[in-house]
Amino acid sequence: MTNAPPAPVVLVIDDEPLIRNLLCDMIEARGCVVAAVDKIGAARQWLAEHVPHAVFCDVMLPDGTGFELCKWIRNQASLKKTPLVMMTAISDEETAQDAVELLGIVDFLRKPFDLSQLDGKLDKVLPAR
C-alpha cells in the first residue's frame with residue numbers, strides 16, 4: 001500500500017468575494033487545499049505560519065498592491081521559491097514583464113479568466129501528482 005502525497009496547498013489573495021470564491025472552488029476541484037484571504041495583512045499573517053505550494057495574488061488590494069506582497073514573499077527564506085501567479089485586469093505588458101523579472105512572478109492570470117486559463121496556470125505551478 002502506497003501513501004498518496006499530501007494535497008498541494010494554494011493561497012488565494014483577492015478582495016472580491018465572488019472572484020475569490022470562484023477561484024477557491026476551481027482550485028479545490030483540482031484536489032488542492034485552498035486558503036483564502038482578502039488583504040495583504042491577512043496574507044502575511046497566514047504565510048508566517050504556512051508554506052503553500054503556490055500563491056495566486058490580485059494586484060490591487062485594499063491595503064496595498066500584490067507586487068508589494070510578492071516582494072515581501074521573496075524576502076522570506078521559507079517562501080523564496082514559492083511560485084507566484086498575479087491576477088490582474090491590467091493589460092500593460094511592460095508592467096507584467098517588470099514583475100516577472102524583478103519579483104520572480106511565474107505568470108499572470110488575466111481577468112476575466114476562464115477554467116482553461118486557470119488549469120494551465122495550476123499545471124505550471126503545482127507539483128505533478
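## Starting at Val10

Val10 is a good place to begin: with 0% relative accessibility, this residue counts as buried. Val10 sits in strand S1, and the model we are looking at is a predicted one. Leaving out residues up to four places away in sequence, Val10 touches Ile27, Cys32, Val33, Val34, Ala35, Ala54, Phe56 and Leu126. Pro52 is another residue to look for here: 42 residues separate Val10 and Pro52 in sequence, yet their C-alpha atoms are 5.4 Å apart.

The strand around Val10 is mostly covered, with four of the five residues of S1 buried. S1 runs parallel to S2, and five bridges join the two strands. To find your way along this pairing, look for Val12, which stands opposite Ala36 in S2.

## The chain as a whole

Let us step back for a wider view. The chain holds five helices and seven strands. Read from the N terminus, these elements follow the order β-α-β-α-β-β-β-α-β-α-β-α.

How much of the chain is buried? Of its 129 residues, 43% are buried. The accessible surface comes to about 7100 Å², and carbon and sulfur atoms hold 53% of that area. Contacts across the sequence are worth a look too: among those with a separation of 6 or more, 62% join residues 24 or more positions apart.

## Helix H1 and its two faces

Helix H1 covers residues 17-28, twelve residues in total. From its first C-alpha to its last, H1 reaches 16 Å, close to the 16 Å expected at 1.5 Å a residue. Which residues of H1 are buried? They are Arg20, Leu23, Cys24, Met26 and Ile27. These residues lie on the same side of H1, because they cover an arc of only 170 degrees around the axis.

Turn to the face of H1 that points away from this buried side, and you will find the exposed residues Leu18 and Asp25. The cover over the buried residues of H1 includes strands S1 (9-13), S2 (33-37), S3 (54-58), S6 (84-88) and S7 (107-110), along with helix H5 (115-125). Ile27, one of the buried residues of H1, is also among the residues that Val10 touches.

## Helices H2 and H3

Now move on to helix H2, residues 40-47, where the buried residues are Ile40, Ala43, Trp46 and Leu47. Seen down the axis of H2, these residues fall within an arc of 125 degrees, so they line one face of the helix. What do the buried residues of H2 pack against? Their partners are S1, S2, strand S4 (60-61), strand S5 (64-65) and helix H3 (66-74).

H3 has its own set of buried residues: Gly66, Phe67, Leu69, Cys70, Ile73 and Arg74. Their directions span an arc of only 160 degrees around the axis, which puts them on the same side of H3.

## Two cysteines without a bond

Cys70 in H3 leads to a question about disulfides. A disulfide is a covalent bond between the sulfur atoms of two cysteines. How many disulfides does the count come to? The count is zero. Cys57 is in no disulfide, and its nearest cysteine sulfur, that of Cys70, is 5.1 Å away.

Why is Cys70 not bonded to Cys57? The sulfur of Cys70 is 5.1 Å from that of Cys57, its closest cysteine sulfur, and this is too far for a bond, because a disulfide needs the two sulfur atoms within 2.5 Å. Are these cysteines buried or exposed? Cys57 is buried, with a relative accessible area of 1%, and Cys70 is buried with a relative accessible area of 1% as well.

## Toward the end of the chain

Between S7 and H5 there is a loop, and Pro112 is found in it. Most peptide bonds are trans. The bond from Lys111 to Pro112, however, is cis, with omega near -10 degrees.

Beyond this loop, Lys121 has its place in helix H5. Is Lys121 buried or exposed? Lys121 counts as buried, because its relative accessibility is 18% and the cut-off for buried is under 20%. Setting aside neighbours within four places in sequence, Lys121 is in contact with Phe56, Asp107, Phe108 and Leu109. Phe56 brings us back to the start, since Val10 touches that residue too.

Key: Residues numbered from 1 in each chain as written. Predicted model: local features only at pLDDT ≥ 70, side-chain atom pairs only at ≥ 80, totals over all residues. Heavy atoms only, no water. Expected span 1.5 Å × (residues − 1). Buried < 20%, exposed > 50% of the residue type's maximum accessible area, 1.4 Å probe, protein only. Arc of directions from axis to C-beta. Contact = heavy atoms within 4.5 Å. Areas by Shrake-Rupley, 256 points an atom, 1.4 Å probe, with all protein chains shown as cover. Pairing = 2+ DSSP bridges.
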